[in-house]
Amino acid sequence: MTLRLLLVDDDVLVRSGLRVILESEPDLTVVGDAGTGREALDVAAGTDPDVVLMDVRMPDMDGIAATRELVARDAQRPRVLVLTTFEDDDYLFRSLQAGASGFALKRADPDELVDAIRVVARGTSLVLPDLTRRLIASHAPARARGDAALPELTGREADVLRLVAGGLSNAEIATELYLSRETVKTHVSSVLLKLRARDRTQAVIAAYESGFMTT
Amino acid sequence: MPPSTFPRTAAEIVARLRAVVATAAGPGWPGRVLYALATLPIGVLCVALYAALVGSVVAVVYGIGVLLILLVLAAVRGFAGLDRRLARTLLAVDIPDGERVRRLPGVLAPLRRLVVSASTWRALGWVGVRVLLGVATLATAFFGTAVLLGLFYEVDWNLVNALPLLALVALDVVVTLVVLDLVVRLAASVAPRLLGAGAEQQIAALQQSSRRLADRNKLARDLHDTIGHSLTASLLQATAARRTLTPAEGRPVQPEFARQALGHIETNTRAALAELDRVLTVLRDGDGPAEGPAFAAPSLADLDDLLGSLRDGGLPVALVVDGEVDDVPPAVQELAYRVVQEGTTNVLRHAGTPLTVAQVVRSGDTLDVRVVNERASQLDSRPGPGGGRGLAGLRERTAAAGGTLRAEPTPTGGFELCATLPLAGAA
């Protein structure tokens, strides 16, 4: 299966560089690019990408607003991977809050970047799990309302959510809980459904913001 | 009311007393003894200062008093500075420096601050305290000695009263020493209040440090936006170029892309270095005398090189120079170079590779610098450099040189960056 990508960055050089790097992977194809958030929305509507690689700071609608808009249009597709020059905590957390599935550094090794895209598309694990977990844990307001704020989860689902929020992948959760991967996948899906989270990143945010996970 | 209230309050009082004593405790008794010994001569000096002040106020009548008053006030401040150091050394109390009137520029400003500054009047207050401390020390020492002498010479010592008399002598010595020590401790606890920084100074210092922080934040943001961005773009271009030159299955080698990428990398790196140079200059300026730029400032003659690498990057750009530009001051030449650099780099970044013209026109004592590009090719139909990452910095520099900078879309769908620089402005 080929993944369809949309590149969004206000710098032509970043886009053309990324295009060459990503197109050299057999399972990735760049279906479009855009220089502003607003343009990204138009191009996304016309090209139906699987993953949008989104710059944060752009003129004429930044990446955070564009992500929010994309998510509002369709709860499932496309997934958004935020591309950032620096690990600017505040922007990154706001992008995740807006609905991005993960983030990657533009200066990352090309293989890491490609990996991040595949992980975001599959959704079976967090991108940069440790960084992401720490980012969410440190930014999520400590409301500490306890489990009550989350919809009823079964005991197993709560276990799974705790591990997801800990940054574990489905395979790792399967080992941890002595379950089959398929069972874990089912549990994760039902947790996401109950939390109305579009992916596990959003589930982790919900887990921290509700006080289910405490920092 | 809980029964524990009274003991707790008492404990608090004891704790507070301990704290007062502890803050004034200093490095030990030798320092306190020295301080106590110095109290008397310094007290005499302080009386002299007060007398001088009163004398100069009287002298106002004779016309020379104002100068004398200023002199005495300056002497009071100088004395306060010395005494601050004395207290720091001998009593180890932490006293922040007062306002530095002498550091002010000009002649009148220091004089005005000398009279108006609250720290002058607090120093005067401290001089008064010093007089009282001197009197207290003198009185204590006098009374203690008088009692001692009385005990030795006015009383007939014999075997019966020797023990109680010795006890009285010891008591007299101990009480005198304790009172003297208390006087020193009192000085130690009052000194920071009258010799330290006043509220207005603390506020000023706070404002200054927050301004410095804001400057640093701005610098960090600038670095993030300019150098960080240029390096990121260069890195991605370099990575891409290497891939296009690496033969792989089902992928042709693309030397043309690699050549363009190298041109972009050259342009971007040069811009990043220029920005680094600017930031370093700012940092050096902030830390003391500037040592001049780390690299030779570019001039209009360097534009050919700049545009050459842009052409290698795929941008069709022409340079038009009108009028005599050889005698344009170096600072203006550099600024003009930066305008062309920013304008063309932005075209490449935001509009791709449309036809672009860089124009430098000398007319009288102004230099007009213009970078204008055609509508972007349909492959890259993006709006112009809306944000303009380096544009804000360039606008500041242009304004500082007395010029103006405009950046706006043209009616035909292109973009124009235009600077007017006075030749006298930055000479």
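The following dialogue introduces the contact between two chains and several salt bridges in a predicted model.

Trainee: How many residues does each chain bring to the contact, and how is the size of such an interface expressed?

Mentor: The size of an interface is often given as the accessible area lost when the parts come together. Here chain A and chain B bury about 2300 Å² between them, and carbon and sulfur atoms carry 60% of that area. Chain A brings 26 residues to the contact and chain B brings 29. On the side of chain A, the residues that lose the most area to chain B are L13(A), V20(A) and R57(A), together 24% of what that side buries.

Trainee: Which polar and charged links cross this interface?

Mentor: Side chains of opposite charge can pair when their charged atoms come close. Between chain A and chain B there are two salt bridges. D111(A) and R243(B) meet through their side chains in a salt bridge, at 3.8 Å from N to O. Five residue pairs are in polar contact across the interface, both residues of each pair being at pLDDT 80 or more.

Trainee: Which helix of chain A gives the most residues to the side that touches chain B?

Mentor: Helices α1 (12-23) and α5 (110-122) of chain A each supply at least two residues to that side. The most come from α1(A), with nine residues. By class, the side of chain A that touches chain B has nine nonpolar, six polar and 11 charged residues.

Trainee: Is Q237(B) buried or exposed, and what does Q237(B) touch?

Mentor: Q237(B) lies in helix α7 (residues 199-245) of chain B. Its relative accessibility is 1%, so Q237(B) counts as buried; the cut-off is under 20%. Leaving aside residues up to four places away in sequence, Q237(B) touches L13(A), S16(A) and G17(A) in chain A, and F257(B), A261(B), H264(B) and I265(B) in chain B. A polar atom of the Q237(B) side chain lies 2.7 Å from the backbone oxygen of L13(A).

Trainee: What is the overall make-up of chain B?

Mentor: Chain B has 11 helices and five strands. Of its 427 residues, 40% count as buried. Among contacts in chain B with a separation of 6 or more, 70% are between residues 24 or more positions apart. The accessible surface of chain B is about 23900 Å², and 67% of that surface belongs to carbon and sulfur atoms.

Trainee: How many salt bridges are found over all chains, and where do the partners of one in chain B lie?

Mentor: The whole structure holds 26 salt bridges over all chains. In one of them, the side chains of R130(B) and D83(B) meet at 2.7 Å, N to O. This pair links distant parts of the chain: R130(B) is in helix α5 (residues 118-153) and D83(B) in helix α3 (residues 65-91), 47 residues apart. Both R130(B) and D83(B) are buried.

Trainee: Which salt bridge has both partners in helix α8 of chain B?

Mentor: R259(B) forms a salt bridge with E256(B), with the closest N and O atoms 3.5 Å apart. The two residues lie in helix α8 (residues 255-286), three residues apart, about one turn of the helix. R259(B) has 42% relative accessibility and therefore counts as partly exposed. E256(B), at 42%, also counts as partly exposed.

Technical notes:
Residues are numbered from 1 along each chain as its sequence is written. Chains are lettered from A and ligands numbered from 1 in the order in which they are written. Side-chain values use heavy atoms; hydrogens and water are left out. Helices (H or I, at least four residues) and strands (E, at least two) are DSSP runs, numbered from the N terminus. Buried means under 20% relative accessible area, exposed over 50%, partly exposed in between (1.4 Å probe, protein chains only). A polar contact is a pair of N or O atoms within 3.5 Å; within protein, one must be able to donate a hydrogen and the other to accept it, and residues adjacent in sequence count only if both atoms are side-chain atoms. Contact means heavy atoms within 4.5 Å. Buried area is the accessible area (1.4 Å probe) that two parts lose on being put together, summed over both. A salt bridge is a side-chain nitrogen of Lys or Arg within 4 Å of a carboxyl oxygen of Asp or Glu. Ala, Val, Leu, Ile, Met, Phe, Trp, Tyr, Cys and Pro count as nonpolar, Asp, Glu, Lys and Arg as charged, and the others, Gly among them, as polar. Accessible areas come from the Shrake-Rupley method with a 1.4 Å probe; for residues, only the protein chains shown count as cover.
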